[in-house]
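User: I'd like to go through this one with you and hear the reasoning behind each label. Ready when you are.

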There are 2 protein chains.
Amino acid sequence: MAGKADTRARILDIAEAAVLEKGFEATSIDEIVASAGISRGGFFYHFPDKNALARAMLERYIATEDKLYDDIFARARALDDDPLHAMLIGLKMLAEALENMPQGHPGCVIASTAYQDRLFDQGVRDLNRQAILGWRARFRAMFEEIESSYDLRETVDLDALGDMVSSVVEGGLVLQRALREHNAASQQIMLLRSYIKLLFAPRA
Amino acid sequence: MAGKADTRARILDIAEAAVLEKGFEATSIDEIVASAGISRGGFFYHFPDKNALARAMLERYIATEDKLYDDIFARARALDDDPLHAMLIGLKMLAEALENMPQGHPGCVIASTAYQDRLFDQGVRDLNRQAILGWRARFRAMFEEIESSYDLRETVDLDALGDMVSSVVEGGLVLQRALREHNAASQQIMLLRSYIKLLFAPRA
DNA sequence: GAATGTACTGGACTGTGAGTCCAGTTGTTG
DNA sequence: CAACAACTGGACTCACAGTCCAGTACATTC
């Protein structure tokens with residue numbers, strides 16, 4: 001029936017939807033193959049095991065998230081050339097984007113791999129780590145640029161501040177899932193925005 | 001060999017240590033019973049299924065966390081009667097407490113149950129939700145008291161601000177596990193502290 | 001001191017899901 | 001037409017959750 005290697009992408013789509021809804025462990029391979037209309041053998045042809053599936057999903061998610069950040073903060077910068085204002089606009093956009101993600105944000109994937117340690121192999125864990133380090137570097141650079149034209153009202157470690165974006169997104173998503181309040185994550189991002197706004201003062 | 005119903009507590013201790021290290025799903029009942037020196041039948045005598053174990057662990061964790069918050073913020077308040085200063089002292093203490101938790105903070109339990117939805121029953125999810133709502137109320141009350149003698153530099157929703165404590169703890173723990181940096185969570189708490197410090201201004 | 005209950009042991013059994021192996025089939029490409 | 005990629009289908013092993021139950025050691029109650 002199918003044609004080429006788009007089966008792999010279909011598996012990933014189906015797996016992602018299922019994992020977002022129920023969690024990784026609760027999603028069985030049987031279920032995925034049934035819903036994809038392929039055989040178990042077909043699944044294992046594309047992915048040697050469930051770890052490989054997790055890795056592929058993580059890779060896709062990280063790429064998506066990176067692109068989201070690229071787009072949002074580029075658009076924000078286009079709207080305002082001041083680095084602080086651009087950051088504040090970007091965070092607002094990020095909050096909106098989080099609110100408009102229908103059935104849960106893939107950020108889950110990060111948190112759930114972090115907490116299901118031994119279930120995943122080194123490759124998955126490394127990917128996770130690299131992604132977060134990448135976001136740290138990205139936001140750190142943005143904060144450094146802001147710092148070059150603003151004064152810090154409080155002494156803070158810029159790496160930790162860069163991490164705070166990931167941290168607030170992940171923490172907000174945990175709350176959102178646990179509370180079943182759809183806008184918890186975006187609210188938390190808005191609080192982070194409020195912090196950033198207060199943290200930087202126009203140079204004296 | 002054993003005496004009374006302390007077997008139940010021993011199971012919980014062992015399970016908690018294992019879950020903190022590897023995650024809930026990666027911890028098998030066989031492993032727990034082996035390490036507790038009891039039979040499988042013995043385990044199921046105390047817990048009808050793994051959900052009941054999860055529920056019991058969550059209950060214990062929530063009680064511990066509540067007590068930690070009670071202690072810390074009571075001690076902080078004893079050190080400074082001003083509600084803002086007490087909050088700042090408390091957050092510092094919380095950051096230190098997080099740093100001194102040897103093999104990972106049980107906050108994991110919250111995040112991991114949140115992300116493994118269908119694996120847990122309604123009881124577990126409700127418990128999780130109630131705990132977070134309890135912390136929201138606790139911190140909201142503290143922020144309200146601060147607000148009664150300070151001005152807010154930014155308009156913020158006090159529920160969201162109350163949630164921010166849980167959010168930053170959970171998000172920080174996700175980072176900490178993913179990055180394998182032992183002080184990530186405590187750093188994030190310190191940033192939250194810095195936000196609170198900036199957010200409230202002495203009444204004009 | 002017989003009866004009852006609690007806290008188990010030990011073992012057999014079912015079911016589900018991951019992962020392996022492999023022989024065979026279909027469509028595409030050189 | 002040969003070779004390869006992308007599968008199918010089925011048989012199999014293993015680990016783990018969960019069920020059922022008969023028996024046992026110990027303490028408490030009548």
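User: What makes up the surface near DNA strand D, by class of residue?

Analyst: Keep in mind that this is a predicted model. The surface near DNA strand D splits into five nonpolar, eight polar and four charged residues.

User: What makes a residue count as near DNA strand D, and which ones come closest?

Analyst: A residue is near if one of its heavy atoms lies within 4 Å of the strand. That gives 17 residues around DNA strand D, with A:S39, A:Y45, A:H46, B:I29 and B:R40 the closest. On the DNA side, sugar and phosphate make up 68% of the strand D atoms that come within 4 Å of the protein.

User: How do you know that A:S39 makes a polar contact with a phosphate of DNA strand D?

Analyst: The cut-off for a pair of N or O atoms is 3.5 Å. A polar side-chain atom of A:S39 sits 2.3 Å from a phosphate oxygen of DNA strand D, so the pair qualifies. A:Y45 passes too, with a polar side-chain atom 2.8 Å from a phosphate oxygen of that strand. For B:K50 the partner is a polar backbone atom, 3.0 Å from a phosphate oxygen of DNA strand D.

User: Which elements give two or more residues to that surface?

Analyst: Helix 3 (40–46) of chain A and helix 3 (40–46) of chain B. Helix 3 of chain A has the largest share, four residues.

User: And what surrounds DNA strand C?

Analyst: There are 18 residues around DNA strand C, and A:R40, A:K50, B:S39, B:Y45 and B:H46 come nearest. Here sugar and phosphate account for 70% of the strand C atoms within 4 Å of the protein.

User: What makes B:S39, B:Y45 and B:T7 polar contacts of DNA strand C?

Analyst: Check each against 3.5 Å. A polar side-chain atom of B:S39 is 2.4 Å from a phosphate oxygen of DNA strand C; for an N or O atom in the side chain of B:Y45 the value is 2.9 Å, and for one in the side chain of B:T7 it is 3.0 Å. Each falls within the cut-off, so they count. Helix 3 of chain B gives the largest share of the surface near DNA strand C, four residues.

User: Why are the two copies said to be related as by a two-fold rotation axis?

Analyst: Chain B can be laid on chain A by a turn of 180 degrees and a shift of 0.0 Å along the axis, with an RMSD of 0.0 Å. The copies are therefore related as by a two-fold rotation axis. In chain B, B:G171 comes closest to the axis, its C-alpha at 1.8 Å.

User: How do you know that the copies meet through the same surface?

Analyst: Of the interface residues of chain B, 100% are also interface residues in chain A, so the surface is the same.

Technical notes:
Residues are numbered from 1 along each chain as its sequence is written. Chains are lettered from A and ligands numbered from 1 in the order in which they are written. This is a predicted model: local features need pLDDT of at least 70, side-chain atom pairs count only at pLDDT 80 or more; totals for chains, interfaces and linings use all residues. Side-chain values use heavy atoms; hydrogens and water are left out. A polar contact is a pair of N or O atoms within 3.5 Å; within protein, one must be able to donate a hydrogen and the other to accept it, and residues adjacent in sequence count only if both atoms are side-chain atoms. Ala, Val, Leu, Ile, Met, Phe, Trp, Tyr, Cys and Pro count as nonpolar, Asp, Glu, Lys and Arg as charged, and the others, Gly among them, as polar. Copies are superposed by least squares on the C-alpha atoms of residues with pLDDT of at least 70 in both. Contact means heavy atoms within 4.5 Å.
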